[in-house]
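Grab a pencil and work through these short exercises on a protein model. Each task comes with a solution you can follow step by step.

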Amino acid sequence: YPPIETKTYDKDLKREDYFLIVSRLVGAKGLEEAATAAKSAGVNLKIAGGSAGYNQVKLKLEKLSGGRVELLGRVTDEKLVGLYAKAKGFVALARQEDFGMSVVESQAAGTPVIAFRGGGFLESVIEGETGIFVDDTDVTTLTKAFKEFNSTKWDRKKIKVNAKRFDRKVFEEKIKKLVSSI
């Protein structure tokens, strides 16, 4: 897996009342369902990411969410770190994600996730400790997930510790150990 510098995300910023999605604005990412579920569950979403046809996607998501989605477009890495650290939670709904660095980056900031139960998310999320899984991305499932998430007490220190499994230093030590064993 690609390593991250977990210390980059070690900022203790005041949490705000929004869930974050970091994604290109394309199909198969669950964005429309998330926007509709945000309205149903009464939660706010911020989505960082760009696409061709951005204005059309923006209008559609805003309409579906009843104004509960804020599209940020592409953001700098520095701003993204702040978004992770301030978010109440992170949402990752891609069904075919090999690993999904954004989930680990979110956890490095101490932010728990709602993730689709599949792909690399199964390796980086610990059910009930660093996030919750959903088995589908339909509006009913996501609305229930937002409510469950909001009623769970999350240990942000434990979430950060989990992300350290994917830290660059850990990665480098594993590679050195592997090479020296050959």
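**Exercise 1.** Count the aromatic pairs in this predicted model, then classify the pair made by F19 and F146.

*Solution.* Start with the count: there are four aromatic pairs. Next, take F19 and F146: their ring centres are 4.8 Å apart and the planes meet at 65°. Planes over 60 degrees apart count as edge-to-face, so that's the label for F19 and F146. Now see where the rings sit: F19 is in strand β1 and F146 in helix α6, so the pair links parts 127 residues apart in sequence. Finally, F19 and F146 also belong to one aromatic cluster with F149 and W154.

**Exercise 2.** Decide whether F19 and F146 are buried or exposed.

*Solution.* Buried means under 20% relative accessible area. F19 comes in at 1%, so F19 is buried. F146 has 1% relative accessibility, so F146 is buried too.

**Exercise 3.** Classify the pair of Y84 and F90.

*Solution.* The centres lie 5.7 Å apart and the planes are at 50°, so this pair is tilted. Both residues are buried.

**Exercise 4.** Find which residues touch the most other members of the largest nonpolar core, and which element gives the largest share.

*Solution.* The core has 26 residues, and F19, L45, I47, I114 and F146 touch the most other members. Going by elements, β1, α1, β2, β3, β6 and α6 each give two or more residues. The largest share is six residues, from α1. To zoom in, look at F146: beyond its neighbours within four places in sequence, its contacts include F19, L45 and I114.

Conventions: Residues are numbered from 1 along each chain as its sequence is written. This is a predicted model: local features need pLDDT of at least 70, side-chain atom pairs count only at pLDDT 80 or more; totals for chains, interfaces and linings use all residues. Side-chain values use heavy atoms; hydrogens and water are left out. A nonpolar core is a set of buried Ala, Val, Leu, Ile, Met, Phe, Trp, Tyr and Cys residues joined through side-chain atoms within 4.5 Å. Buried means under 20% relative accessible area, exposed over 50%, partly exposed in between (1.4 Å probe, protein chains only). Helices (H or I, at least four residues) and strands (E, at least two) are DSSP runs, numbered from the N terminus. Contact means heavy atoms within 4.5 Å. Rings of Phe, Tyr and Trp (its six-membered ring) pair if their centres lie within 6.5 Å; planes under 30 degrees apart count as stacked, over 60 as edge-to-face and the rest as tilted.
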